Amino acid sequence: MKNNLLQFFLLVSLSLIIGCKGGFDDPIDSKREIAIPLFYTTTNLTNLLDGINDETSITMGPDGIVTLNYRGNVTKRTGNELFNFIPILPIDLVDSVTFFPFDLPGTLDITLTKIKAGNLGILMDNPFQEKVDVTLRVPELSKNGQIFEVNRVLDSVGMAGDSWPILPLYSLAGYDLGTDNDQLTIIYEAYRESDGERVVFPNTHAIGISGLEFSYAEGYWGQELLDLERDTIEIEFFENWVQGDVYFEDPIIQITVENGFGFPVRSVVNTLEILTVDGSNITLESSYIQDGIDFAYPALDEVGEIKTTIFDFDKTNSNVVDVLSSGPVSVDYDVDAISNPDQTPVIGFMTDTSYFQVQVAVDLPFRGHVKNFKGRDTFNVNFDQYDQVEYVEFKMIAENEIPLGIGIQVYFVGNDEMGNEILLDSLYATDENILTPAPVDSNGDVTGEVAKKETYTMINAIQFENIRKAKKMIIDGTFFTTGVNNTPSPVVNLKTDQDVNIRMGMKVGTK
């Protein structure tokens, strides 16, 4: 809550002393008292919380309850990243018919791929003393129903053009690669020009396939891990926490998955831990962490579609209330996914534009209660120029529709002769409640009755002279909700339409 809710209420008095320089700097010939109306403002919880930090956003639920939202980074795997299961060739042709097995990793069984880029080159020498007519076919490669086939007449040894060099390359773009038998078949037929007799070249020849890029793959994907990056969500709400409790009745940790891969996928939660303000690590517990979450996926007739799954760890299926009411400062998570978790032989697909992405979020609706939640912040100050003050008196009138109150204490810290920090004074003899929470009904909604509080603060000349030596100002703010000391503490709803009106003025006595 740095620089917003805490500072708004806690700095309101001291910052005004510093900001109102009229009558403090200039020489004053006679003793006088100056009454200054400082401000009148109306604000609400949304305005106070908005812009807490870059990681926090504020939303309003359908019931008007203000919710703090924290989002992790999107972790993503794309089809292009995963199209690496076809082995890189060349293939030696040791006979007129060569079978090249596809040793696909894991349990992959791909039966069809569509090629969007790639080339095939042939290296073949004619060892005979006459021309040979050669045709090379790859039955598993087809385009518009026609299998891949090329033809060339090789001249005899010793004459120009006596070989089929690796160049020119033949483009494979637009071809389908069907591999039902997990192999590639390369057939060449060579016929002597003189008598038409089919021959087999005695020496080794080869084809080379390079630069393969695929637009589509179909088959059984087995149990393959989609490894996603680990990430951390920073929860800045508790960054200045000192003590006390905050209870959120309906917090959630939400996993949102977008899936364009056409096969069953289930979550694998490696880590989902909450780091608390006291340095503890608490593990989120749920049967869905052990058993996994099944994510929606497009069917074979839904190629190109993206299916979205939103899953909430809430109070009905996890210990999320406990872990998010423990002063969480970050959520550390590592969520991967596994294909075909039940090993059901489902024929699925993947395209070059398919992707699988995960985002984890923490939502904290302001429905609950706050007890002695103390935040602390420290600021450098310099009051040396203010030497004409005899006293300063502040009067603040607060009218509060929010079921949230606040007490403050301000400490002034200086340095002794050795340079060590010492406590010089405090603004109040005891913690001062400057804002009384509005009353609520049995549902936690405000009754419409406005809580009013007048607060007077006097700083005399002796106290101010001591304060002038301060180099730091430590501000403690203690937040509490309506009836928090009752047993049990009532749950209250903090909503966007609840306002607080503050009027403030001061009197300055000069020497």
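Here a trainee and a mentor talk through a predicted model of one protein chain.

Trainee: Let's start with confidence. Which element of the chain has the highest mean pLDDT?
Mentor: Over the whole chain the mean pLDDT is 82, with 84% of residues at 70 or more. Among the elements, helix α2 (residues 14-19) sits at the bottom with a mean of 38. At the other end, with a mean of 97, is strand β23 (residues 307-313).

Trainee: Over which residues does pLDDT stay under 50?
Mentor: The model does have 93 contacts beyond four places in sequence for this stretch. Still, where pLDDT is low, the predicted coordinates should not be read in detail. The stretch to handle that way is residues 1-30.

Trainee: On to charged pairs. How far apart in sequence are the parts that D363 and R71 tie together?
Mentor: These two form a salt bridge, with their closest N and O atoms 2.9 Å apart. D363 lies in strand β26 (residues 355-365) and R71 in strand β3 (residues 66-71), so the pair ties together parts separated in sequence by 292 residues.

Trainee: Is D363 buried or exposed?
Mentor: The cut-off for buried is under 20% relative accessible area. Its partner R71 has 39%, so R71 counts as partly exposed. D363 has 10% relative accessibility, so the label for D363 is buried.

Trainee: Which strand holds K114, the partner of D176?
Mentor: The side chains of D176 and K114 meet in a salt bridge, 3.3 Å from N to O. The two are 62 residues apart, with D176 in strand β12 (residues 176-178) and K114 in strand β7 (residues 109-125). D176 is partly exposed at 23% relative accessibility, and K114 is partly exposed at 31%. So the strand you want is β7.

Trainee: Which residues are linked with E130 in a network of salt bridges?
Mentor: Start with one pair: E130 forms a salt bridge with R192, their closest N and O atoms being 4.0 Å apart. R192 belongs to strand β13 (residues 183-192), 62 residues away from E130. Put the network together and E130 is linked with R192, D195 and E197.

Trainee: How many salt bridges are there by this rule?
Mentor: The rule asks for a side-chain nitrogen of Lys or Arg within 4 Å of a carboxyl oxygen of Asp or Glu. Count them that way and you get 20.

Trainee: What is the length of the polar contact between the side chains of E189 and Y191?
Mentor: E189 is in strand β13, and it is buried, with a relative accessible area of 18%. Its side chain has a polar contact of 3.1 Å with that of R137. For the side chains of E189 and Y191, the value is 2.9 Å.

Trainee: Now the backbone. Which peptide bond is cis, with omega near -5°?
Mentor: Most residues other than glycine have a negative phi, and most peptide bonds are trans. P488 lies in the loop between β33 (472-481) and β34 (492-493). The cis bond runs from T487 to P488.

Trainee: What is the relative accessible area of Q343?
Mentor: Q343 sits in the loop between β24 and β25, and its phi is positive, near 60°. N340 lies in the loop between β24 (328-339) and β25 (348-351), with a positive phi of about 45°. N340 is buried, with a relative accessible area of 1%. Q343, however, is exposed, and its value is 53%.

Technical notes. Residues are numbered from 1 along each chain as its sequence is written. This is a predicted model: local features need pLDDT of at least 70, side-chain atom pairs count only at pLDDT 80 or more; totals for chains, interfaces and linings use all residues. Side-chain values use heavy atoms; hydrogens and water are left out. pLDDT is the predictor's confidence in each residue, from 0 to 100. Helices (H or I, at least four residues) and strands (E, at least two) are DSSP runs, numbered from the N terminus. Contact means heavy atoms within 4.5 Å. Buried means under 20% relative accessible area, exposed over 50%, partly exposed in between (1.4 Å probe, protein chains only). A polar contact is a pair of N or O atoms within 3.5 Å; within protein, one must be able to donate a hydrogen and the other to accept it, and residues adjacent in sequence count only if both atoms are side-chain atoms.
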